[in-house]
4 protein chains.
Amino acid sequence: MYIYDVQIRTRYNETDKMGIIYHANYISYYEIARAEMLRSTGVYSYSEMETAGIMMPVVEIQSKYLLPAYYDENLTVRVIIKEMPTAKITFFFEVFNEKQELLNTGMTTLAFMNSQTRRPCRPPQKLIDCMKNYF
Amino acid sequence: MYIYDVQIRTRYNETDKMGIIYHANYISYYEIARAEMLRSTGVYSYSEMETAGIMMPVVEIQSKYLLPAYYDENLTVRVIIKEMPTAKITFFFEVFNEKQELLNTGMTTLAFMNSQTRRPCRPPQKLIDCMKNYF
Amino acid sequence: MYIYDVQIRTRYNETDKMGIIYHANYISYYEIARAEMLRSTGVYSYSEMETAGIMMPVVEIQSKYLLPAYYDENLTVRVIIKEMPTAKITFFFEVFNEKQELLNTGMTTLAFMNSQTRRPCRPPQKLIDCMKNYF
Amino acid sequence: MYIYDVQIRTRYNETDKMGIIYHANYISYYEIARAEMLRSTGVYSYSEMETAGIMMPVVEIQSKYLLPAYYDENLTVRVIIKEMPTAKITFFFEVFNEKQELLNTGMTTLAFMNSQTRRPCRPPQKLIDCMKNYF
């Protein structure tokens, strides 16, 4: 299991007229969090992965909303990888506010895709080697 | 069953560096589509519902990505309600491009909430009366 | 002078916690409006222009906010071109609500850029020929 | 003069199909930067200002785009206040990438508004007292 916590401060343009963070923004928070998690491996940032010719299109997302987040909160987004990636990789997410209340849970599945051929591919060997240590 | 089709043209700011529509935007498309569907009932627009003191926070979303959408495509978002709303209402979605290819499927569950008390409530009677005809 | 009006309905995710349309969204409205204006010429959609190898990066924007817009309003964005495009093109904008109140004025200047070389270039001849009729 | 630097990492959903950061996002960066600057005064965060009954709607924005920003860059947004705020406050901005290249300059003018009456008002005395030290 690989677990990584990322801090994200909510932005004014992410609020809506209910006075809370608009729900679709969590999907972007997930993406920011997994990019930071990937960077933390020291192997690849997501940006370097794209430069190396691998894109990771999103295949599926799920999100459950338990409590609202508000403007200017410093959220913790916990990213969890439970299984070794294959041609796909699934990230689970838990979002907490500063009071440690669980606001949201979710998951995202991405595919590894060769950016030339736009066909599915295996994850880069360096990433597999790194991940092996956690499973 | 209540089915309603809404046209949404993709916007430049919704694209990402992969050259496709960024995945979180479908969650906003869902919301635009169910707002238009609600308007089509002639009973309430979502805006009028809020004025009447009812908010509809999102409880859960799911989305599956089958094929990408591109800039300036005229998408059809099909909204489907399969069951009479209770304290919650679930919308299902199918997104098609102009070639009638199915790009994405999804669902959103929302709660009815009294905007004063911020507590769950029943849907407005007028909406129930209208929906009855379809189930 | 070339004047063209585009209807844009405000979206829930464009509101903020003040209950109004977040100011940066007008910049996207401008872009949607000039894309529709370009399509209306019958010469090029912005999408076809990109396919033809011309990108139009934004060089400058200005925007003045007179009155707020709210959720679910059907705005009219008036696009005005006052001068023949050279290596740059400047669009002026006026945004009205349904009561014909002027909410916002603005302008955007874009450059024509060869998407291969990423160097400035002239606008496509077909667009020049079309625009000549209005100046 | 009050000068404050804020770091903002560009996000994937902020890119567009040109492969660069979509221009309207700088307007949000400005807002994030001035919120952090306000927090740095130790007097008020923007959030506390709203709680204290003062909103700050945007009156005018300007932005010039010199060079593009890309995904996953750690931008520095420099916020500059050149004059004591009156019923309005003007922030100037300079955006740099990690190579210290100047990508963008801009300004935003906001009004102080009583959130009850939605009428213009003076800035809070504590903010004036704090700002006096810099002018």
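In this predicted model, strand β3 (residues 58-65) of chain A and β3 of chain B pair in the antiparallel sense, and five bridges join them. One of the positions in this pairing can be named: A:I61 has B:S63 in β3(B) as its bridge partner. In general terms, the strands of a sheet pair through backbone hydrogen bonds, and the pairing may be parallel or antiparallel.

The strand pairing belongs to a contact between the two chains that takes 15 residues from chain B and 15 residues from chain A. On the side of chain B that touches chain A, two elements give two or more residues, namely α1 (25-40) and β3 (58-65) of chain B. Of these, β3(B) supplies the largest share, eight residues. By character, the residues on this side of chain B divide into nine nonpolar, four polar and two charged.

How are chains A and B related in space? A turn of 180° and a shift of 0.0 Å along the axis lay chain B on chain A with an RMSD of 0.0 Å. The two copies are therefore related as by a two-fold rotation axis. In chain B, the C-alpha nearest this axis belongs to B:Q62, at 2.2 Å from it. The contact itself follows the relation, in that the same surface serves both copies: 100% of the contact residues of chain B recur in chain A.

The other element named on the chain B side, helix α1(B), may be considered next. Helix α1(B) has 16 residues, and the distance from its first C-alpha to its last is 23 Å, close to the 22 Å expected at 1.5 Å a residue. Its buried residues are B:N25, B:Y26, B:I27, B:Y29, B:Y30, B:E31, B:A33, B:R34, B:A35, B:M37 and B:L38. To read such a list, it helps to recall that an α-helix has 3.6 residues a turn, so residues three or four places apart point the same way. After α1(B) comes B:G42, whose phi is positive, near 75°.

A helix with the same residue range is found in chain D, where D:N25 lies in helix α1 (residues 25-40). Is D:N25 buried or exposed? It counts as buried because 21 C-beta neighbours lie inside 10 Å of it, and the cut-off for a buried residue is 20 or more. The C-alpha atoms of D:N25 and D:R11 are separated by 9.9 Å, and these two residues are 14 residues apart along the chain.

Chain D also contains an open sheet of three strands, in the order β2-β7-β8, with antiparallel pairing. Strands β2 (54-55) and β8 (119-120) of chain D stand at the edges with a single partner strand each, so one side of each is left without a neighbour in the sheet. Within this sheet, β2(D) and strand β7 (residues 113-114) of chain D are paired in the antiparallel sense over two bridges. One bridge partner can be given here as well: that of D:I54 is D:N114, in β7(D).

Two residues in loops deserve attention for their backbone angles. As a general rule, most residues other than glycine have a negative phi. B:Q100, although not a glycine, has a positive phi of about 65°. This residue is placed in the loop between β5 (88-96) and β6 (102-111) of chain B. B:Q100 counts as exposed because it has 7 C-beta neighbours inside 10 Å. C:R118 is likewise not a glycine and has a positive phi, of about 55°. The loop that holds C:R118 lies between β7 (113-114) and β8 (119-120) of chain C. With 11 other C-beta atoms within 10 Å, C:R118 is exposed.

Finally, one chain may be viewed as a whole. Chain A has three helices and eight strands, and from the N terminus on its elements run β-α-α-β-β-β-β-β-β-β-α. Along its principal axes, the C-alpha trace of chain A spans about 45 × 30 × 20 Å. For 135 residues, a compact globule would have a radius of gyration near 14 Å, and the 16 Å of chain A agrees with this. Buried residues make up 36% of the 135 residues in chain A. Among the contacts of chain A with a separation of 6 or more, 69% are accounted for by residues 24 or more positions apart.

Conventions:
Residues numbered from 1 in each chain as written. Chains lettered and ligands numbered in written order. Predicted model: local features only at pLDDT ≥ 70, side-chain atom pairs only at ≥ 80, totals over all residues. Least-squares fit on C-alpha atoms with pLDDT ≥ 70 in both. Contact = placed C-beta atoms within 7 Å. Helix = DSSP H or I, 4+ residues; strand = E, 2+ residues; numbered from the N terminus. Buried ≥ 20, exposed ≤ 12 C-beta atoms within 10 Å, placed from the backbone. Nonpolar A, V, L, I, M, F, W, Y, C, P; charged D, E, K, R; others polar. Pairing = 2+ DSSP bridges. Expected span 1.5 Å × (residues − 1). Rg over C-alpha atoms; globule rule 2.2 N^0.38 Å.
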